[in-house]
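This report looks at the spaces in one protein model, and at what surrounds them. Please keep the sequence and the structure at hand while reading.

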Amino acid sequence: MIFRPRRLRRTAAIRDLVAETDVRARHLIQPYFVTSQPGSSDIASLPGIQRTDLEATCRQVEADLKLGLRSVLLFGVPDHKSPAAEHSHDPGSIVPVVTKELKARFGTDLIVMTDVCLCAYTDHGHCGVVKDGEIVNDESVAILAEMALTHAQAGADIVAPSDMMDGRIGAMRVRLDEEGFQNTGILSYAIKHSGAYYGPFRDAADSSPKFGDRRSYQMDPRNAREGLRDALLDIEEGADILMVKPGIHNLDLVWRLREACLAPICTYHVSSEYSAIKAGERLGWINGDQLMYEQLVSLRRAGSDMIVTYAARDAVAKGWVK
Ligand code: PBG
Ligand code: ZN
């Protein structure tokens with residue numbers, strides 16, 4: 001007798017019946033680059049994504065909500081940069097201003113997540129403050145905690161620290177709690193590798209380091225156990241959700257993290273993962289839409305509960321996901 005697995009692949013209906021994974025609009029988080037420069041502008045290396053001012057952001061979010069996208073992740077493109085990133089915790093800066101307006105307009109229908117990191121706010125472009133050429137940890141953490149608090153005060157549902165300093169989750173949890181923001185969640189960039197993956201993002205946010213690189217704080221891509229260990233520490237410090245980033249390059253870590261803990265897992269389908277597909281599509285070499293969808297499926301199958309992706313809007317607008 002021949003065993004015939006093809007019986008369960010015979011028709012689309014049967015394939016759907018036995019499908020183990022799916023991608024839904026509810027799983028997707030759309031990133032936004034919010035700016036105080038009026039209007040909106042394209043980002044050459046991130047096709048389809050724009051920098052948007054307050055009003056353009058609100059209009060786009062309204063359209064996304066109608067499509068069924070309920071989560072946004074806000075990145076600031078600020079106009080003030082300084083060595084100690086003072087503008088990062090200014091309630092008048094663009095991220096708190098946009099957060100406040102979005103929560104006023106859309107209330108609990110919308111989940112507002114905010115990036116907490118200093119790189120777009122420091123004049124040197126590092127994710128923490130610099131002393132004698134070194135990115136110093138504890139001083140940076142104190143500023144990051146103020147930044148998280150500022151976002152919480154503006155109404156952010158979830159703050160998402162991406163800086164990779166040690167002890168920042170615990171410091172933020174304490175700071176938020178002591179100011180009465182027990183309900184503000186923390187999505188920790190728990191496993192975040194250094195490397196070339198974030199190039200298009202740094203164009204968008206104008207956040208490239210002016211000297212050196214990020215290897216003294218972001219993780220070494222040769223390591224897996226290092227990230228798992230840090231992720232478990234983040235849970236102890238009070239993280240609600242753990243992120244693995246970049247997603248497609250770390251499917252092994254998504255899987256292993258899922259086995260290692262019970263917290264929800266978010267993956268970041270990062271800028272170069274998205275832009276590489278867009279570039280191949282432009283050259284006419286690959287089917288971009290299909291490949292994008294297949295990557296989102298892989299992220300879900302490996303164990304992501306939710307995915308940050310520049311393709312979120314396309315995914316629902318083009319009907320790849322419902
Ligand atoms: C800021 C931050 C980065 C990304 C998310 N938050 C850039 C970096 O660490 O240099 C990258 C996201 C992407 O590439 O899409 N620290
Ligand atoms: Zn940063």
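By class, three nonpolar residues, one polar residue and five charged residues make up the lining of the second largest pocket. The residues in question are A12, R15, D16, V18, A19, E20, T21, D22 and R24, and the volume of this second largest pocket is about 230 Å³. Since everything described here is read from a predicted model, the values are computed ones and should be taken with that in mind.

**The largest pocket**

The largest pocket holds about 320 Å³ of space. Its lining is formed by 19 residues, and those that lie nearest the centre of the pocket are M164, M165, D166, Y217 and D230. Two elements, α5 (168-178) and α7 (225-237), give two or more residues each to this lining, and it is α7 that provides the largest share, with five residues. Sorted by class, the lining of the largest pocket consists of eight nonpolar, four polar and seven charged residues.

**The ligand and its cavity**

What takes up the space of the largest cavity? That space is the one taken by ligand 1. Around ligand 1 there are 19 residues, and K192, R202, K245, S271 and Y310 are the ones that come nearest. At least two residues of this shell are supplied by β9 (185-192), and at least two by α6 (199-205). Eleven residues of the shell around ligand 1 are nonpolar, three are polar and five are charged.

Several side chains place a polar atom by an oxygen atom of the ligand, and the table below lists the distances for three residues, namely R202, R214 and Q218.

| Residue | Atom of the residue | Atom of ligand 1 | Distance |
|---|---|---|---|
| R202 | N or O atom in the side chain | oxygen atom | 2.6 Å |
| R214 | N or O atom in the side chain | oxygen atom | 3.0 Å |
| Q218 | polar side-chain atom | oxygen atom | 2.9 Å |

Each of these pairs can be set against the cut-off for a polar contact, which is a pair of N or O atoms within 3.5 Å. How much of the accessible area of ligand 1 does the protein cover? On its own, ligand 1 has 400 Å² of accessible area, and the protein covers 100% of that area.

Taken together, the model shows ligand 1 in the space of the largest cavity, a largest pocket to which α7 gives the largest share of the lining, and a second largest pocket of about 230 Å³.

Technical notes: Residues numbered from 1 in each chain as written. Chains lettered and ligands numbered in written order. Predicted model: local features only at pLDDT ≥ 70, side-chain atom pairs only at ≥ 80, totals over all residues. Heavy atoms only, no water. Near = heavy atom within 4 Å. Polar contact = N/O pair within 3.5 Å; in protein donor to acceptor, adjacent residues only side chain to side chain. Areas by Shrake-Rupley, 256 points an atom, 1.4 Å probe, with all protein chains shown as cover. 1 Å grid on protein atoms, 1.4 Å probe; cavity = no way out; pocket = protein on both sides within 12 Å on 5 of 7 lines; lining within 4 Å. Sits in = over half its atoms within 2 Å of the grid points. Helix = DSSP H or I, 4+ residues; strand = E, 2+ residues; numbered from the N terminus. Nonpolar A, V, L, I, M, F, W, Y, C, P; charged D, E, K, R; others polar. Points joined across faces, edges and corners; volume = space filled by probe spheres on them.
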